[in-house]
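Have the model open in your viewer before reading on. We'll start with one helix, move over to a strand and its neighbours, and then step back to the whole chain.

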Amino acid sequence: MNMDSRLSFEEFRKEVLNDYRLACESREVSLLARKEVLTGKAKFGIFGDGKEVAQIAMAKYFLPGDFRSGYYRDQTFAFASGISTIEQFFSQLYADPDPENDPFSAGRQMNSHFATPNITEDGNWRDLTKIKNTASDMAPTAAQMPRSLGLAFASKLFREVEDLKSFTHLSHNGNEICFATIGDAATSEGHFWETMNAAGVLQVPLAVFVWDDGYGISVPRKYQTTKGSISAAMEGFRKTEDSNGFDIYNVKGWDYAGMCEVFENGLRKVRETHVPALFHVEEITQPQGHSTSGSHERYKSKDRLAWEKEFDCNLKMRQWILENALSDEATLQEIELTAKATATAARKSAWEKYIAPIRQQVKTLAAHGQAIVEEGIADTGMVQQAIQQLKANREPQRRDVLKTAAGILFRHKKTQSPALQALQQYYDQLQQQERESYSSHLYATGANSALNVPEVPAVYADTPQMVNGYEVLNKYFDQLFAENPKVFAFGEDVGKIGDVNQGFAGLQQKHGKQRIFDTGIRELTIMGQAIGMAFRGLKPIAEIQYIDYLLYGLEPLSDDVASLQYRTRGIQACPVIVRTRGHRLEGIWHSGSPMGMIIHSLRGMHICVPRNMVQAAGMYNTLLSANEPALMVESLNGYRLKEKLPQNLTEFTVPLGIPEVLHAGTDITLVSYGSTLRVVEEAMHTLEQMEISCELIDVQTLLPFDIHHSILESLKKTNRILFIDEDVPGGGTAFMFQQVMEIQGGYRWLDVAPRTLSAQAHRPAYGSDGDYFSKPNAEDVVQVVMAMMEE
C-alpha cells in the first residue's frame, strides 16, 4: 500500500470504530432509560435499540439543509447527526421543563421527540441551509408522513421557481432531502399510502426509511401488510424509464457495510434527480420490546427471540469489524466500557439538572413552613407533618411542592398572619412560574404574532367600484402574487379553472403553474404539502374545496400545526393558511359549518370567519404579515354579492379578535358571524317594525375571540344577548356563550336568560326547503328575540 492508501484506510478504520462507539452508546442509553422508567424516575419510555447501525449509516448522508421528519425511535440518528446529545435525551425523558436542558420541547413531549429552531423571536427565518433540521416529532403513527411530502416539495420549488433563488438562507438550489422514518406497521396507515402516491406523482426528494422489525407492537407483519413486505406491496410504484414513481431499495438492518453503500448511492440520486426513494430496512430487532409498557416475550416465539439475539445489529457489526481486522477484541471492549460510562455520566448529569431546582423549591417551602410554626398562630402540627412528608420524598416533583403549599393554605383559609401571607406569595409565584413552563406558547408572541400586526384601514375611492365578492378576491390574489414571491396557492381545481368559485380565475396563466396549481383529491397531503412548505419559510395558501372535507385533513392540522408552537415552546413556526368555504348552500356535504369541532381541535391556530370577501382579504394581509397558522372560512353564498372594492387591496389589514358592531341598538345584543349575519339582518327589518332595537355584532374571528371584551360592553347596554350560528347545538354558539358569560363575566348584566340559536342537530337536508328547516332562518331569529323581550 502506498502512503495515501494507508492514510485512507486509517481514516476509514477510525470512522468505523467511531460508528461502533455511537452504536454502543445509544444501546446503553436505551438500557439505562428503561431502568429509569421502571424505577419511577421517568413516566414512559420508547427507545431505538435494534436500529442503531441502520440509523448511523443513514446519518452519514444527512447534510446541513436537509430535514428529518421521523418517528420516536430515531434516537441514534439524532445522536449521530448532532441534533441531540445523550444528556438532552435523558432530560426529555425526565420531562425537564427547562429549555436549556430539553431544547426540543422543554419537557412537553416524551423522549425522542426532537426539534430544531426554524425562526427567531424577532420574526426572521434562520439560515436553514446551515442546520441539520428536524421537524418536531409526533406520537400518532404515520403522522409525520404528510408534512414529509411538503418538506420535500419545498426543495422542488426552490430548485424550479426562479423568484425563490434569492432566498439562499432557506435553500441551496433545492438540493435538500427530506429524510422520513417510519415503523413497518405504521405503513398500514392511510397517511403513508397517500404520501407515497403524491411523492411519486410530484417527483420530490423524499427518502423514506421503513424500520421493519416484523411486528406492530404484538401483531406480526403478516397481519399488517399485503405480501408480508411493504417493498413488495409497493412494487407497482417503482419508477421506470417511461413513468413516474419512486425507487425501492432493500437492505438488512444489521449489514453496516451494505447499508452504507446502498444509502450513499441511493441518497445521491434522490438529491440530484429529485426522484423519491423507499428504503426498506429489513431484519431489524427490538431487544427490549415495543416500550416500557410490556414485555415482547409475551408474543414472540422462542425461535424469534433467539434469532433476534443472533442478528442484533451491534453484535453483527462487532463481528464484521473483527472479521475484517479493523480492530482487536481489547479495543472493542474498551469502546464498550467507555460507552457505558459515557451514557451513565450523561444520565446522572441530566437527573441532577432536573432535580436540583425542585429540591430548592422543597427547601424554600420548608423555610416558609418553619416560619409559620415559629409564628405559632397556625395549626403547627399539621404544618410540620406536611413539610416532613414532602422532605421525606427522595424524588419530589413540582406538583408535590405545590400540593403541599396549597394544603397548608387551604387549611388556614381564615387565618391571617405574616408567615401565611409570605407562603401565599411564594405559592402564587410558583403557580405563575409553572404556568409559563407548562401552558405558554400556544400562540406566537412578539414579531411573529398576528395580534401584533398594525391595523391599516381599507381605503375607498369617493365613488367606489362595486364588484362581486369573488372578483374582490381575484383582484387581491393577483396583486398579492405579483408582490410576494413566497406565496403559493394550490388545491383541488385551484389551478387551471381558478377554483370552483373563481377566486384564482386566470391567475395560473398569469403567475405560472408553479405558483398556483392543482392537486389530486387528497386533502390530507394537501395539508401536508402546506405544512412542509410553511416550515421551510414559504407562505402557502392551501385550499380545502368545502369545509365539510376539512375532516380529511384535520389530523395533521390538529396534531401537527395547532400544537407546534406549544410543543416546541416557540422554537418552530408553521405559518400555513388553509383556505376553505362553508356555511349555507345546498346539501349535507356542501353546506357545513362545523365550527365547534374546528375550534376545539385547532387551538393554536387562528380561525377566521369573515362575512364578506373584503374582510377576508384584510385578514389574509394580517396573517401574511405574521408567522402563525390560520384557517380562513369564506362564506360560500357570498361570492356573487356586490362589495365595494378597496384601493389598497394588499395593504389594509383586519385585526384578529376584534368584533365589529354592524348595527347599533339598545334592546338586545345579537352575536354572529359569516353568512348567518345576513339572516339576522333580514330578521332585524321585522324587529324594527316591532320597535325592537337590535345591536348586531360580527365576531369576525372565533380564535382569537373578542380579546378586548367589546361584546360585554354591548351587553351592559342592552342586558339581553342572543348567540346565533349555523353549527349544531352546543357548537360555535356554546363557545361564544361561554366566552361572554364566563370569561367576560357577562352573567352579571343580564335581565333575562341568555340564548343560543343554532342549526338542527342533523346535517342540513338538500334543497331550499331543506336549508330553511335545517338552519336558523329569519323567522327563527324573530321568534326568539320576541320571546326574550317578553320575558
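Start with helix 13, which covers residues 398–411. This is a predicted model, so it's worth a quick sanity check on the geometry. The helix has 14 residues, and at 1.5 Å a residue it should span 20 Å. Its end C-alpha atoms are 20 Å apart, which agrees with that expectation.

Now look at which parts of helix 13 are hidden. R398, D400, V401, L402, T404, A405, A406, I408 and L409 are buried, so a residue in that list has under 20% relative accessible area. What do the buried residues of helix 13 pack against? Three other helices: helix 11 (329–375), helix 12 (380–392) and helix 14 (418–439).

Next, jump along the chain to strand 19, residues 694–698. This one is mostly covered, with five of its five residues buried. In a regular strand, side chains alternate between the two faces of the sheet. You can follow the two directions here: C694, L696 and D698 point one way from strand 19, while E695 and I697 point the other way. Whichever way they point, all are buried.

Which strands does strand 19 pair with? One is strand 17 (residues 660–663), which pairs with strand 19 in the antiparallel sense over three bridges. To find that pairing on screen, look for V661, whose bridge partner in strand 19 is I697. Another is strand 18 (residues 668–672), which runs parallel to strand 19 and is joined to it by five bridges. Here I668 is a handy landmark, as it stands opposite C694 in strand 19.

How does the chain get from strand 18 to strand 19? Follow helix 21, residues 676–689: strand 18, this helix and strand 19 make a right-handed β-α-β unit.

Time to zoom out. The chain as a whole has 25 helices and 22 strands. Its radius of gyration is 30 Å, close to the 28 Å that the globule rule gives for 791 residues, so the chain is as compact as a globular protein of that length. Along its principal axes, the C-alpha trace spans about 100 × 85 × 50 Å.

Burial and contacts fill in the rest of the picture. Buried residues make up 59% of the 791 residues. Among contacts with a separation of 6 or more, 79% are between residues 24 or more positions apart. As for the outside, the chain exposes about 31700 Å², and carbon and sulfur atoms supply 51% of that area.

Definitions and conventions
Residues are numbered from 1 along each chain as its sequence is written. This is a predicted model: local features need pLDDT of at least 70, side-chain atom pairs count only at pLDDT 80 or more; totals for chains, interfaces and linings use all residues. Side-chain values use heavy atoms; hydrogens and water are left out. Helices (H or I, at least four residues) and strands (E, at least two) are DSSP runs, numbered from the N terminus. The expected span of a helix is 1.5 Å times one less than its number of residues. Buried means under 20% relative accessible area, exposed over 50%, partly exposed in between (1.4 Å probe, protein chains only). Contact means heavy atoms within 4.5 Å. Two strands pair if DSSP finds at least two bridges between them. A crossover is right-handed if, with the strands pointing away from the viewer, the path from the first strand over the helix to the second runs clockwise. The radius of gyration is taken over C-alpha atoms; the globule rule is 2.2 Å times the number of residues to the power 0.38. Accessible areas come from the Shrake-Rupley method with a 1.4 Å probe; for residues, only the protein chains shown count as cover.
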